[in-house]
Amino acid sequence: MHYQSICHEFEAKWRDRWLAAGTYATPNPGEAGFDPSKPKYVVLDFFPFPSGAGLHVGHPVGYIATDVLARTRRLQGYNVLHAMGYDAFGLPAEQYALQTGTHPAKTTADNIAQIKKQLGLMGLALDPRREFSTTDPEYYHWTQWIFLKLYDSFYDPTVEWTGPDGVHNLGRARPLGELRSLLESGAWSLDADGKAAPVPASEGGAGPDEAAMTRALDAARLAQIAQEPVNWCPGLGTVLANEEVTKDGRSERGDFPVHRRPLKQVVLKITAYAERLLADLRHVEWPEGVVQMQRNWIGRSEGATIRFALRGRADTLSIYTTKPATLPGVRAIVIAPDHPLAPDASKLAATSGVDADEMVGAKTDLVALHPLTGEELSVWTGNFVLADYGDGAVMCVPAHDERDFAFARKYDLDARPVVVPPQAWLREHAPHLATLPDDALAAAYLEHCLGFNAAFTEENVPLLDASATLLRATPGQMLGEAHAAAIREVERVGAGTGQVHFRLRDWLFSRQRYWGEPFPLVHGEDGRVHALHESVLPVRLPDLVNFEPETNQPPESEPQPPLARASEWLHLNGVVLDDGRVLPVEAPVGTTVSQDGRDRPVRRFRRESNTMPNWAGSCWYYLRYADPANPAAAIGDQAQAYWGGREGEHAARGFVDMYVGGTEHAVLHLLYARFWHKFLYDIGEVSSCEPFKRLFNQGMITADAYKDDRGFYVDYHDVVVEQQGATRVARHKDTGAELEIVGGKMGKRYKNGIAPEEVFADFSVDAFRLHILYLGPLEAHKEWSSAGLVGMYRFLASFWELCVSSLPDATVDPASGKDIEAVVARTIVKVTDDIAGMRFNTAVAALIKAVAALKKFPAVPRAALMNLVHLLAPFAPHMAEELFERLGGTGAGIFSSAWPVPPDDIPEETVPLVVSFNGKKALVLESSEAFAGMSGEEIAQRLLEGNERLRHLAAGRAVRKAILVGDPPKMLNIVL
């Protein structure tokens with residue numbers, strides 16, 4: 001039978017067989033069938049959101065790529081962990097539910113079912129036993145458990161230790177109770193702000209009183225509730241993380257205005273891990289672009305925090321600067337509009353943001369004192385200063401900062417240079433003073449530098465004598481070299497300290513939405529916050545009929561989380577245990593219950609009504625794949641030790657061996673997951689310092705979309721495209737109206753998202769899989785074209801005919817047999833190397849080339865065909881299984897057999913050499929092997945000496961140059 005008439009039948013047959021036989025159900029350590037002698041390989045895709053109505057043909061690029069890799073590793077003898085789950089909590093899923101008017105529990109279940117059906121049709125080698133959704137209580141039980149661990153831990157930056165993966169670490173999370181001991185013993189003390197600091201107390205032995213101790217412990221928690229400046233988005237009715245806000249100060253989802261304001265929020269102290277998050281990037285094999293994005297987002301800098309006293313007040317203004325040597329040039333202080341000391345925190349709140357179109361400032365009644373000179377400095381609010389960057393205040397140095405220069409000009413501030421720019425710069429930036437001699441021009445700059453047309457920001461210029469004296473710097477020292485002297489001087493006078501600073505901010509972890517993991521926290525009537533006891537996990541999300549948030553409120557409105565309306569769920573009675581945790585009880589308030597050998601009063605508590613963001617569940621899901629049914633731990637010791645442990649003699653520094661997804665989460669999911677993983681590493685739950693050892697970013701599939709004259713997108717099913725000369729013209733099928741062709745992203749919004757099922761019906765699943773990988777390099781953006789599907793369909797039919805026509809084995813000529821073996825051996829090497837290098841398009845090209853070469857022989861031995869079928873199996877698994885069976889394969893199918901290994905001695909491929917004179921073909925040599933290592937001129941000389949035809953064509957003319965093309969050479973162009 002021909003491939004076209006049977007492919008749909010055997011594709012369905014094999015999918016059913018794989019599922020029934022549990023072909024891809026990889027056992028865990030301790031389970032029947034587990035082979036501990038095999039190496040492990042964990043290959044995963046980014047966690048998909050089931051927030052829409054299924055997949056289009058652009059979605060499966062990465063899924064099919066990881067499937068090829070997983071199947072290959074399985075054939076190569078690995079225990080492979082390849083699974084798929086669903087990141088189903090969060091804003092995207094809730095927004096979709098609101099748009100459709102359906103409860104998110106139903107839309108999520110429906111969307112998961114649709115995506116599962118589509119993934120099943122693609123024949124992906126996923127372990128179905130490891131599938132879960134973040135909305136499963138059995139899963140978010142452990143998300144809440146990890147949160148409680150964060151809540152009950154602090155970070156000690158002084159601990160030096162070596163992890164089980166051999167990585168030396170400085171800093172570690174420790175139980176909060178150990179901080180109490182450090183404070184009580186005097187090993188740690190409280191700083192001026194009442195926070196615990198790892199420095200010896202000035203008067204050893206005496207710890208803080210209980211009230212100060214409680215405040216210090218709460219402030220040290222890695223998860224805590226704190227009053228923080230947040231990104232409040234009334235349009236969405238929720239707070240957003242910095243990473244979810246665009247540069248224009250709008251929400252990434254929905255494009256609503258975002259306002260900065262202080263609110264009480266759950267915060268995760270990701271900043272405690274900033275140094276390690278930066279340093280440990282050396283352990284991963286990631287695209288350099290993603291690594292650089294993380295470096296930039298973490299944003300390490302070295303400088304100083306300088307304290308400015310305020311006239312008539314006990315408060316001080318702390319300012320972090322990377323250029324402390326410009327301190328002599330400070331002429332004012334600018335604070336964020338929502339800085340705690342700003343007289344009117346709401347004055348500029350609506351316009352605050354680094355990228356505001358207009359620079360806005362307002363003078364306050366505050367007066368700061370220069371720490372070295374005692375001069376009075378005016379204090380302003382400015383919309384270009386962010387409250388959560390540095391200390392929410394900046395030194396205004398108009399002479400040497402472009403932003404400060406513009407601010408000083410607008411508000412008529414003065415400026416004081418600390419260096420004199422080179423003459424070339426002075427003349428370039430003051431055309432109106434071009435006729436002045438050098439000395440006069442320099443004097444003019446010192447007198448009024450704001451009269452020049454820019455700030456001078458270079459640092460390789462010597463300090464002015466007065467500035468050097470003030471900083472106690474070396475006379476003539478360069479500005480960029482004087483920062484250390486400036487730090488020493490502010491430390492000497494007690495006005496500041498040198499400091500490493502990070503751009504990274506703490507993670508705002510609260511969302512005022514319904515569809516998310518509830519926090520295992522409660523609020524007492526005395527205002528204290530308590531963690532719930534682990535025994536009551538999971539805290540289940542109540543079923544709300546009205547789950548819509550309060551949206552489109554004024555910027556100054558208070559968030560109203562939907563869970564605050566779940567009155568029955570919201571309140572509970574409980575007792576406080578010795579460790580501060582609350583255990584819910586059924587007894588009424590005012591009574592006592594016996595717990596842990598003590599009578600404890602029953603109190604009334606209110607649950608935290610915010611929910612976690614959707615990033616919570618995706619921070620650690622890859623770990624749960626390794627042990628999805630474990631009721632006693634997020635991941636058991638045996639599963640973690642094998643899947644996340646050691647590889648051969650070297651420690652694995654990444655749990656996931658290959659992680660495939662887009663670049664859109666470079667500073668979101670990837671950064672958050674690294675933070676959670678490092679915390680779990682610190683507390684002994686995982687043995688690798690990084691979650692993802694190797695990362696590969698697949699490109700996007702783009703497609704044409706079509707707009708009518710109103711600017712509305714038209715469904716691609718309703719469009720006919722005609723070729724008129726060199727121009728393509730799109731028209732509406734029914735009306736004939738011409739449509740605008742718009743290239744770009746494929747998706748539901750653009751009505752150009754082609755459902756994979758449509759392609760499967762017209763061609764085959766295997767043809768689709770091959771086509772999606774053959775479009776181009778996996779990392780490149782590629783335009784969808786159904787034309788190539790025809791070619792893949794024909795290739796599979798040709799492969800099928802090659803195998804079927806050679807059964808039973810015909811007599812194969814010995815010489816042909818050697819040539820066939822050479823073709824297959826070279827193909828094994830090429831496909832194996834290309835799969836390992838994620839070069840799937842060239843691997844497919846090698847298979848196409850091999851089939852074309854073998855079809856030239858009258859018959860092909862069964863062994864050669866079997867090797868070729870194995871190479872095809874990761875790409876077109878359905879047809880490979882069918883051919884394996886027909887070729888006499890035994891056992892549990894092709895994926896229980898072994899990947900082919902080429903012989904040690906593989907004959908080099910014979911490459912014909914085309915010889916031309918002045919661009920015209922003269923003759924074709926069967927092989928270029930005889931000329932290996934020779935230059936074009938050397939080959940030309942030998943040919944002219946030994947070939948009568950070429951000598952005749954040359955007619956005595958000399959060779960001017962000879963150009964070789966290809967490696968090995970395929971063409972020699974002789975220019976006479």
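## Legends to close-up views of a predicted protein model

**Overview of the protein chain.** The protein chain exposes about 42400 Å², and carbon and sulfur atoms supply 51% of this area. The model is a predicted one, and every value in these legends was computed from it. Along the principal axes, the C-alpha atoms of the protein chain fill a box of roughly 100 × 90 × 70 Å. The chain contains 28 helices and 39 strands, and buried residues make up 53% of its 976 residues. Among the contacts in the chain with a separation of 6 or more, 71% are accounted for by residues that stand 24 or more positions apart.

**View 1. The crossing of helices α1 and α26.** Helix α1 covers residues 3-21 and helix α26 covers residues 877-886, and their axes come within 8 Å of each other, crossing at roughly 95°. Because angles of 65 to 115 degrees count as roughly perpendicular, α1 and α26 are described as roughly perpendicular to each other. On the side of α1, the contact is made by Y3, I6, F10, E11, K13, W14, R15, R17 and W18, while α26 contributes P877, H878, M879, E881, E882, E885 and R886. Charged side chains also take part here, with K13, R17, E882, E885 and R886 linked in a network of salt bridges.

**View 2. The salt bridge between E94 and R513.** A search of the whole structure finds 52 salt bridges, and this view shows the one that E94 forms with R513, in which the closest N and O atoms are 2.5 Å apart. E94 belongs to helix α3 (residues 91-100), whereas R513 sits in the loop between β17 (507-508) and β18 (521-524), so the pair ties together parts that are 419 residues apart in sequence. Both E94 and R513 are buried.

**View 3. The salt bridge between D127 and R130.** The side chains of D127 and R130 meet in a salt bridge, with a distance of 2.9 Å from N to O. D127 has a relative accessible area of 2% and is therefore buried, and R130, at 1% relative accessibility, likewise counts as buried. Both assignments follow because buried means under 20% relative accessible area.

**View 4. D834 and its surroundings.** D834 is found in helix α23, where it is buried, with a relative accessible area of 2%. Leaving aside residues up to four places away in sequence, D834 touches R839, F840, T842 and A843. With R839, the side chain of D834 meets in a salt bridge (3.0 Å, N to O). The partners in this salt bridge do not share a burial class: D834 is buried, but R839, at 38% relative accessibility, counts as partly exposed. For a sense of scale, the C-alpha atoms of D834 and P422, which are 412 residues apart along the chain, are separated by 55 Å.

**View 5. M838 in the loop after helix α23.** M838 lies in the loop between α23 (814-836) and α24 (840-854). Its phi is near 60°, which is a positive value in a residue other than glycine. Most residues other than glycine have a negative phi. At 2% relative accessibility, M838 counts as buried.

**View 6. D255 in the loop between β8 and β9.** D255 lies in the loop that runs between β8 (238-240) and β9 (259-268), and the phi of D255 is near 60°, again a positive value in a residue other than glycine. With a relative accessible area of 45%, D255 is partly exposed, whereas M838 of the preceding view counts as buried.

**View 7. The cis peptide bond between L537 and P538.** L537 and P538 are joined by a cis peptide bond, for which omega is about 0°. Most peptide bonds are trans. P538 lies in the loop between β19 (529-531) and α15 (567-570).

**View 8. A nonpolar patch that includes V965.** I963, V965 and M971 make a nonpolar surface patch of about 220 Å². V965 lies in strand β38, which covers residues 961-965, and at 42% relative accessibility V965 counts as partly exposed. This class applies because partly exposed residues fall between the limit for buried, under 20%, and the limit for exposed, over 50%.

How values were computed:
Residues are numbered from 1 along each chain as its sequence is written. This is a predicted model: local features need pLDDT of at least 70, side-chain atom pairs count only at pLDDT 80 or more; totals for chains, interfaces and linings use all residues. Side-chain values use heavy atoms; hydrogens and water are left out. Patches are made of residues with over 30% relative accessible area and no salt bridge: like charges are joined within 9 Å, nonpolar side chains (Val, Leu, Ile, Met, Phe, Trp, Tyr) within 5 Å. Accessible areas come from the Shrake-Rupley method with a 1.4 Å probe; for residues, only the protein chains shown count as cover. A salt bridge is a side-chain nitrogen of Lys or Arg within 4 Å of a carboxyl oxygen of Asp or Glu. Helices (H or I, at least four residues) and strands (E, at least two) are DSSP runs, numbered from the N terminus. Buried means under 20% relative accessible area, exposed over 50%, partly exposed in between (1.4 Å probe, protein chains only). Axes are lines fitted to C-alpha atoms, for helices over the stretch in contact, and angles run from 0 to 180 degrees between N-to-C directions. Angles under 35 degrees count as roughly parallel, over 145 as roughly antiparallel, 65 to 115 as roughly perpendicular and the rest as oblique. Contact means heavy atoms within 4.5 Å.
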